[in-house]
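Visitor: Hey, I've got a protein open on my screen and no idea where to begin. Could you walk me through it?

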Amino acid sequence: MALSKKKKTVLVLLFFCGCLFQKVCAQSLDLSGAKVLCLSGKKEFLLRTPEIFEEEVKKRTGLKLPVVRWPLAGLTPSGVAKVRRSSKYKSGSLANGRAEILLLAEEDLSLLPDKERKGLEALRDIGAEGFKVLVPEGEGAATVLIVGKDARGLLYGVGWVLRKLEMRPGSVLLKDRPALSSTPVYSLRGHQLGYRPKTNAYDAFTVAMYDQYIRDLALFGANSIEILPPRTDDIPSSPHMVLPAAKMIVEQSRICASYGLDVWMWYPNVGKDYERPDSVQRELEERERVFSSLPKLNAIFVPAGDPGDLTPDVLFGWLEKEAVVLRKYHPEAKIWVSPQGFDTDQKWFDAFFAHVNRQYPWFGGVVFGPWVKIPVSRLRQLVNPAIPIRQYPDITHSLSCQYPIPKWDLAWAQTLGRECINPRPTDEKTIQNTTERYCIGSISYSEGTNDDVNKFVWTGQDWNPGTPVIETLRDYARFFMGPDLAETGAQGIIDLENNMRGEALSNEGVERTLLQWQRMEQNASPWLSESPRFQMCLIRAYFDAYTRRRLIYEKELEQEARDVLAQTREAAWLPVGAGKPGTFIGADEAIRKAREIIRRAASEPVLPAYRERCEALADSLYKSIGAQLTVKRHGGMQERGDFIDFIDQPLTDAPWLLSQLQAVERLGTEAEKLRQIGEILHRNDPGPGGFYDHFGDPHSWYRIVPGPSSWSQDPGNLESPHVGFGTGLDGVRWMDNPLAPGFKAKTIPRSWMSQAITLYGTPLKIHYEGLDSGVDYRIRVAYTGRFRSHMKMVTESGYTVHDYLKTGTEPLYEFDLPGTAIKNGQVTFVWTCLETDRGAQVTEMWLMRKK
């Protein structure tokens, strides 16, 4: 029977689809029934690598790939070939063309047949910790060759393969036929995992959880883990701890040794005195207990400050004594030091580098970390070229930190705060690529699982800074969330970072990000739904969408309340008799209506389902990984990852407005009330011909004179202005998160929570144009911020507006600016602070034309 034209078309399409399916299948190697053959009898080479491969595959697929360990005496080319051909070895695994996975050292390539050996030798040479992966071309059973230069190289080769595998229940596929060699660019690649209460999750980790987390990091290329001693600047214990700190650090050291990783210890000087013999002896006895308990310790890192704060002479005198105890138990271990400190001056630095460049036999190198005043490029010039520099990048914080999110919106700072779940993949790549070239690598500063994505990005960049960040994220999503999310999960993480860019109010991408993660959530398997790494991304997507919608809603309510207040005559600043009859209302009625409008934010909340989802995910993360996203509910520490506590933080000036209206109600007469309402509504009005700016707001940032480098060149803002957060006024405990309670327990304007800031000796410059050179101005300036520095304000032309004054006691100051200080309608103001202060901060300024 003749086929119709339509049926012929269908058959042709089916034929091509079948060919395409065959081509795709042909490109993927089926390893579901493979055996793993270890061509080495050296335990010190294999370590736990074969069991890692076996266990990680089984977790994701339910399949147990048999591991064959070769006896040392039988390692000959002919013996290996005989076993690989034997029916016993092939049965159940290589039968029907199934695959084998061979693990071996580069020095043992002679055990392979010529074709495999020559294929590996044709790849680029590898160095220390490097690996090669090859699937030789050929018919029949596929062979995956994983070759390590050394024990770590084999581990990293297995890690690379695991990251690329598409693992599903009952199935293990490897796409394409890899043929690569890879050697790390930087020799130091690690992360700090401190078992102490101040962290947002690590104190709840069990031994098994540390083992898995360290393994995960190693599979992506980490070679070092930094632990903390039992005594730091923290409280000694937390209710989450399953072991005393003294016992857990022994387990951490043991785990690292079992994977062949180096162990570092961050050991600050928190004793009372490092010069008195009795105090020094107590400190040495503590070091003796700690160092002797650890099965492995390669180095200790001692910060000069934050905490510590010793003079260089005292510091290095103490370190020499400490080194004796350290090397008694770990003869090859050395001590590294950072020039961290809050009040260091040039004299301090001169003494510090004099000691550093003496190259003491116990001295390992210099660490560049938070609160180091000197850019790492300059640090490299000051330190002897033979002395290595290690990075200690803060990847865990988002504000008031070494690498704050550039020009972050105040709404995010108020809610996500300093230590939220903070995937910043593209930012972290930029930071690493800019700063790491002066160093041998990095061990990051981390306070918990909130920075999980950032850890893997840093490790990937330390391995090869040319790696596109999306490649690392695809590996991350594929390995931890499953192959079906390799692309969508990776892009979703980048979208979470983009949520935090620019103004929250206008960032419509926040809702699109949530839609992407909701789609993944709807299609998630039970395993994925309970995955902590998936949940950490999901909670941020919901939190961000909830916060932005709340911001829009609360802004509308605030404006509606202000419109009601403006219906009073004096509030509208209209002359008596102006306006239509009946359009004005009295002060008390206006206050009542405005208060009712503002309170709708709480009585009629927006998107309560999103809030509930965030709380449910926070509970789940606490149960699975001990993440403490609230203080009361999950036992967290204030401002240590507890961003869910700030989920309903007011996002407008409503709290300040309500407090001002409460004060208005206490006034005696209607005239006084109406006049004060007018002052409230016109707070930011500089008058005719005047200027007002809030320098924490992006709309005023154009007045800030930029530094010599862009953010990508100076991500730590050591030479450039940036936006800072916090109030820092008398009567308030220092807070990282910007909150409404402020000066002397009064509710403050929201503008006081963010400001323009420069660090240390870098001047802050703000430029104005369009002024009237023929008249004098009155300056009103607001100084807020966490530094509470001594500030001096001058013009670039040399006029002194005010000499050094201590900020943090009063927010507002007024000064005169004579017309003679204005040149061609322009003036540039310059702020500096004392050498021992942490930086200059300017919040608001009014330039009011004098009549």
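**A walk through the model**

Guide: Sure, let's begin with one glycine: Gly260 is buried, with a relative accessible area of 14%. Keep in mind that this is a predicted model.

Visitor: Okay, where is Gly260 in the fold?

Guide: Gly260 sits in the loop between helix 9 (245–259) and strand 12 (262–266).

Visitor: And which residues does Gly260 touch, leaving aside its neighbours within four places in sequence?

Guide: Those are Leu47, Arg152 and Lys296. Here's a distance to try on your screen: Gly260 and His240 are 20 residues apart in sequence, and their C-alpha atoms are 29 Å apart in space.

Visitor: Let's switch to arginines. Is Arg287 buried or exposed?

Guide: Buried, with a relative accessible area of 0%. You'll find Arg287 in helix 10 (residues 277–293).

Visitor: What is in contact with Arg287?

Guide: Setting aside neighbours within four places in sequence, Arg287 contacts Arg231, Tyr267, Pro268, Asn269, Tyr274, Ser292, Trp318, Glu322 and Val325.

Visitor: What about Arg595, buried or exposed?

Guide: Arg595 counts as buried because its relative accessible area is 16%, and buried means under 20%. Arg595 lies in helix 22 (residues 587–603). Not counting residues up to four places away in sequence, Arg595 touches Leu658, Leu661, Gln662 and Glu665.

Visitor: How far is Arg595 from Lys334?

Guide: Their C-alpha atoms are separated by 63 Å, and the two residues are 261 apart along the chain.

Visitor: New topic: the core. How many residues are in the largest nonpolar core?

Guide: There are 203. Phe829 and Trp831 touch the most other members. The element that gives the most to this core is helix 21 (residues 532–565), with 11 residues.

Visitor: Why would nonpolar residues gather like that?

Guide: As a general tendency, nonpolar side chains in soluble globular proteins are buried together.

Visitor: What does Trp831 touch?

Guide: Quite a list, leaving out residues up to four places away in sequence: Pro763, Leu764, Ile766, Tyr783, Met791, Lys792, Met793, His802, Ala840, Val842 and Met845. There's also a second, separate core of 21 residues, and Ala561, Ile585, Ala594 and Leu674 are among them.

Visitor: Can you show me two helices that pack together?

Guide: Try helix 15 (residues 425–435) and helix 16 (residues 452–463). They pack at an angle of about 35 degrees, with their axes 9 Å apart. The crossing of helix 15 and helix 16 is right-handed.

Visitor: Which residues meet there?

Guide: From helix 15 you have Pro425, Glu428, Lys429, Ile431, Gln432, Asn433 and Thr435. They meet Asn454, Val457, Trp458, Gln461 and Asp462 in helix 16. By type, the residues of this contact divide into four nonpolar, five polar and three charged.

Visitor: How many disulfides does the structure hold?

Guide: Zero. Take Cys439: the nearest cysteine sulfur is that of Cys401, and it's 18 Å away. A disulfide needs the two sulfur atoms within 2.5 Å, and Cys439 is in no disulfide. Cys439 is also buried, with a relative accessible area of 8%.

Visitor: And Cys614, which cysteine sulfur is nearest to that one?

Guide: That of Cys420, 12 Å away, and Cys614 is in no disulfide either. Cys614 is buried, with a relative accessible area of 0%.

Visitor: Last topic: any odd backbone spots?

Guide: Some background helps here: most residues other than glycine have a negative phi, and most peptide bonds are trans. Now look at Asp306 and Pro307, which are joined by a cis peptide bond with omega about -5 degrees. Pro307 is in the loop between strand 13 (299–303) and helix 11 (312–329).

Visitor: What about phi, then?

Guide: Trp371 has a positive phi of about 60 degrees although it is not a glycine. Trp371 sits in the loop between strand 15 (363–368) and helix 13 (376–382), and Trp371 is buried, with a relative accessible area of 12%.

Visitor: And what is phi at Ser400?

Guide: Positive, about 50 degrees, and Ser400 is not a glycine. Look for Ser400 in the loop between strand 16 (389–391) and helix 14 (410–415). Ser400 is buried, with a relative accessible area of 12%.

Notes
Residues are numbered from 1 along each chain as its sequence is written. This is a predicted model: local features need pLDDT of at least 70, side-chain atom pairs count only at pLDDT 80 or more; totals for chains, interfaces and linings use all residues. Side-chain values use heavy atoms; hydrogens and water are left out. A nonpolar core is a set of buried Ala, Val, Leu, Ile, Met, Phe, Trp, Tyr and Cys residues joined through side-chain atoms within 4.5 Å. Buried means under 20% relative accessible area, exposed over 50%, partly exposed in between (1.4 Å probe, protein chains only). Helices (H or I, at least four residues) and strands (E, at least two) are DSSP runs, numbered from the N terminus. Contact means heavy atoms within 4.5 Å. Axes are lines fitted to C-alpha atoms, for helices over the stretch in contact, and angles run from 0 to 180 degrees between N-to-C directions. A crossing is left-handed if the near helix is turned anticlockwise from the far one by less than a right angle, and right-handed if clockwise. Ala, Val, Leu, Ile, Met, Phe, Trp, Tyr, Cys and Pro count as nonpolar, Asp, Glu, Lys and Arg as charged, and the others, Gly among them, as polar.
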